[in-house]
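Let's take a walk through this fold together, starting with the overall layout and then stopping at a few individual residues. Keep the viewer open as you read.

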Amino acid sequence: MPRRLCKRKIFLSSTIRNLLEERAAIYARLQRPFNHVEFDIIASDRPETLHMSGDDLQTRAGYNPNLFILNQIRYADYYVILLNDTYYGEKSIRDPEAVGKQERIISITHAEFRSAFRHAQPIFVFIDRHTWYRYLITLGGKIPFYKIWNKDSRVYGLIREIRRYHKGINVTISTFSSPTNLVDKMEHIFNTYDKSKYVFSEFDEEVCNSGDVITAIWEVINEGCIVWKNRFFKEQNPSLRRFIRESGKSLIKPKKDIPFPTRFMTFIKKWFQYVRIIIRGRKSTAEKTRYPIDETYPGEKVRLTVRYIAPQSAGEVVSSWAMVDSEGKKIYRNLVPLEAEYFVERTKQRRKDLFSKQREKCADRRNS
């Protein structure tokens, strides 16, 4: 049986003159696939990978060829950056989207990282081990020890920015001591890299009547390098974090058309709803609470189709789905689960039945 390979583009970023051996080692390793993924390299020192020759790069890219290179990052699937503190690069790029205390005049390597982050691409950062130790000892370059006087401390500012973005789920940081060690670290990360990406969703209606059948469809793509096996989509109870976020918004967020007493009552109702779920457990309105996932290779998509039957009680219904393993443990803890929300209206027939029951009770009391 032929091996199923997924082709992806990877952008390699670094200062070139001080990391030639490391770049050569990565180029040699990327000639072979990682698990079920085969990479095509995009790099500024290889004009052929930019679909332009060296001469055209100067003429067709306009007044600043660096802007053309930054534009190539959006076409890459993965972004890899190599760092050491011997050279930061010339400050030649103005970043118009810089906010707060961020520098506006930065090097091309720094600009490439920011561009990859803004495009929400998976980012893999490999830092020289001695550079990492000096960064920690000097508190990010804030303490000017004599051992780093001959180093480019501007690199530490870039590392600080990377660590700040590392709180997200798309940035992976690792250290290396030699080109061989760099290749080993890269192999370990890529051969075990697991990522899921939401593609699109369809939902029949947001407002319905009790007893209506509603269909929700989600599509997810395997963006990692491993095959999904023995996995399931499982319905999850709403988390405490979500209730705090939504109830806080209903109370704090100013709305001109909704007075504060109404927002306060919404806040109380949401917390009563959460306490009721904790005590009684939530009754699912889906046909199943667990759906198996077929064996999915990197680059392939999987679809989740769920049919709901609207409950008899009126109000908002929230259903969230997460990917779990065969034992029911959640795989992507930092990802927002797939969610469907709909509101059940109190139908006229239900109100009529309710009033008729009340009339019957009153008639029984009179007769008695």
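Helices and strands here are DSSP runs, with at least four residues for a helix (H or I) and at least two for a strand (E), numbered from the N terminus. On that basis the protein has ten helices and 15 strands. Bear in mind that this is a predicted model. Of its 368 residues, 43% count as buried. Look at the contacts between residues at least 6 apart in sequence, and 72% of them turn out to join residues at least 24 apart.

Let's begin with a sheet. Strands of a sheet pair through backbone hydrogen bonds, either parallel or antiparallel. Here, three strands in the order 8-10-13 make an open sheet with antiparallel pairing. Strand 8 (196-203) and strand 13 (301-309) sit at the edges with a single partner strand each, so one side of each has no neighbour in the sheet. From one strand to the next, the twist averages 20 degrees. Zoom in on strand 10 (residues 213-222) and you'll find nine bridges pairing it with strand 13 in the antiparallel sense. If you want a landmark there, T215 stands opposite R307 of strand 13.

For a parallel pairing, go to strand 9 (residues 207-209), which is joined to strand 15 (residues 338-345) by three bridges. N209 has E345 of strand 15 as its bridge partner. Strand 15 also has two distinct faces: L338, A340, Y342 and V344 are on the covered one, while E339, E341, F343 and E345 are on the uncovered one.

Now for the helices. An α-helix has 3.6 residues a turn, so residues three or four places apart point the same way. Helix 6 (154-165) is a good place to keep that in mind. Its twelve residues reach 17 Å from first C-alpha to last, close to the 16 Å expected at 1.5 Å a residue. Which residues of helix 6 are buried? They are V155, Y156, L158, I159, E161, I162 and Y165. What do they pack against? The buried residues of helix 6 meet strand 3 (78-83), helix 4 (108-118), strand 6 (123-128), helix 5 (129-137) and strand 7.

Just past that helix, H166 is in the loop that leads from helix 6 to strand 7 (171-176). H166 counts as partly exposed, because its relative accessibility is 36%. Setting aside residues up to four places away in sequence, H166 touches V171 and I173. The C-alpha atoms of H166 and I123 are 9.5 Å apart, although their positions lie 43 residues apart in sequence.

Helix 7 (residues 179-191) has 13 residues, and its span of 18 Å from first C-alpha to last is close to the 18 Å expected at 1.5 Å a residue. Its buried residues are N181, L182, V183, M186, I189 and F190. Two of these names come up again as we move back towards the N terminus.

The first is L182, which is one of the contacts of E22, along with L82, F176 and P179, once neighbours within four places in sequence are left aside. E22 belongs to helix 1 (residues 20-29). This glutamate is a curious case: E22 is buried yet has no salt bridge. The nearest side chain of opposite charge is R23, and that is 8.6 Å away.

The second is F190, which is in contact with F39. F39 is found in strand 2 (residues 37-42), and it counts as buried because its relative accessible area is 5%. Apart from neighbours within four places in sequence, its other contacts are R8, I10, L30, F34 and Y78. F39 and F11 are 28 residues apart along the chain, with 9.7 Å between their C-alpha atoms.

Finally, a couple of backbone oddities. Most residues other than glycine have a negative phi. N35, in the loop between helix 1 and strand 2, has a positive phi of about 55 degrees although it is not a glycine. A120 also has a positive phi of about 55 degrees without being a glycine, and it is found in the loop between helix 4 and strand 6. N35 is partly exposed, with a relative accessible area of 24%, whereas A120 counts as exposed at 52% relative accessibility.

Terms used: Residues numbered from 1 in each chain as written. Predicted model: local features only at pLDDT ≥ 70, side-chain atom pairs only at ≥ 80, totals over all residues. Heavy atoms only, no water. Pairing = 2+ DSSP bridges. Axes fitted to C-alpha atoms, helices over the stretch in contact; angles between N-to-C directions. Buried < 20%, exposed > 50% of the residue type's maximum accessible area, 1.4 Å probe, protein only. Lys, Arg positive; Asp, Glu negative; His and termini not counted. Salt bridge = Lys/Arg side-chain N within 4 Å of Asp/Glu carboxyl O. Contact = heavy atoms within 4.5 Å. Expected span 1.5 Å × (residues − 1).
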